[in-house]
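Visitor: I'm new to this one, so could you pick a single part and take me through it slowly? Start wherever you like.

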Amino acid sequence: MDLASLYRRALAFDALTAEEGVFLYENAPLPMLMYVANELRKVQVPHGKVTWIIDRNMNTTNVCVANCKFCNFYRIPGHPEAYITDLPTYRRKIEETFRYGGEQLLLQGGHHPELGLDYYANLFKELKNEFPDLKLHALGPPEIAHICRVSGVTPKEALQTLKAAGMDSMPGPGAEILDDRVRRLISKGKCGAQEWLDIMHEAHKLGLTTSATMMFGHVETIQERFEHLVKLRDVQARKPDTSKGFVAFIPWTFQDVDTLLQRIRGTKNLTTSAEYIRMIALSRIMLPNVKNIQASWLTVGKKTAQLCLHAGANDFGSIMIEENVVSAAGAPHRFTAQGIQEAIREAGFEPQLRNQQYEFRKLPERMEEQVITY
Ligand code: SF4
């Protein structure tokens, strides 16, 4: 293996192996990786703008039996702080989201042992009946796997029913690292790696747009990170031509504050800014069939995320009117609609509001600026 031929193959959109990715990770100078990834971005996203979205991250319930060791958000069934979000709360928060210029709920929650397919299908129908313009970017492979177990249905049946009830797209939570050794250590109550990938493939066959993620910087090896990327690329290669499949890839770093993983295993997030930028560039290089790469400002902060825009990333994600899961483990960063656009301009790019399908949206004429009250 030599660096020059790997750069050439990457620039030709060749699918590099996990071992070739590891070789680049360990040997390539960061400026060179940034250059290659930036060239690929220019071809894959020729408009050159940096996109962002206004959405609201709402949680269906904080009750969860999965017991992930990096999660401070969940409560066990019967806990005094356990909740299931009720309709008046959805109404209030959806109306607020529209006032802020958003049109979408990113709707996720715990693995509640009593909430199955009927519950979520009825919820989606109710929300769509009341708010026909609302987009539901909802659930994720681990929740679908859990719903299938509660209700005794297949992923295909669950996804078909949920799509018919109003689910517009599915985010990619719970991927962490798609390797069962890692998952046994950090999230063994969740679906396995293959099940996660199979559910995504099923969603793609049904025409549901999804996104892929990676949470890194905990107990995984570098080889496992790159195998994760190759597995995502393979699923994307199998999507029907009529489906967008994974519309984006979003890598973020493990947030360790007060997590069981930190308290019991002593696992800390030691990812530096340079390493995050390196992983963004290598994500662009390893995933030539995924168009949009998002920098996770929520976990790495504004300055690092801005540098990622010169390392292959073309999307700044959401202003996140509400976010409770990653923030509960220490992610300290916040943006308003104004702030995210200024940050993109500061980095030398033109900001462009988008929807979940990565289509451009006009900035709403009336848009209340979000007041951050965390
Ligand atoms: S990350 Fe999700 S699945 Fe895991 S414990 Fe937290 S709420 Fe449950």
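**A close look at helix H1**

Guide: Let's begin where the helix ends: H1 is followed by Phe-13, and the phi of Phe-13 is positive, near 60 degrees. Keep in mind that this is a predicted model. Now step back into the helix itself, which covers residues 3–11. At the N-terminal end of H1 you'll find a cap, and the residue doing that job is Asp-2. One of the side-chain oxygens of Asp-2 sits 3.4 Å from the backbone nitrogen of Ala-4.

Which residues of H1 are buried? They are Leu-6, Tyr-7 and Ala-10. Look down the axis of H1 and you'll see that its buried residues fall within an arc of 100 degrees, so they line one face of the helix. And what do the buried residues of H1 pack against? Their partners are helix H2 (18–27), helix H3 (30–44) and helix H12 (273–286).

For a companion piece, try helix H15, residues 337–346. Its buried residues are Ala-337, Gly-339, Ile-340, Gln-341, Ala-343 and Ile-344. Among what covers them are strand S1 (50–53), helix H13 (297–300) and helix H14 (302–308), along with strands S9 (315–318) and S10 (351–353). Just after H15 comes Gly-348, with a positive phi of about 100 degrees.

Technical notes
Residues numbered from 1 in each chain as written. Predicted model: local features only at pLDDT ≥ 70, side-chain atom pairs only at ≥ 80, totals over all residues. Heavy atoms only, no water. Buried < 20%, exposed > 50% of the residue type's maximum accessible area, 1.4 Å probe, protein only. Helix = DSSP H or I, 4+ residues; strand = E, 2+ residues; numbered from the N terminus. Arc of directions from axis to C-beta. Contact = heavy atoms within 4.5 Å. Polar contact = N/O pair within 3.5 Å; in protein donor to acceptor, adjacent residues only side chain to side chain.
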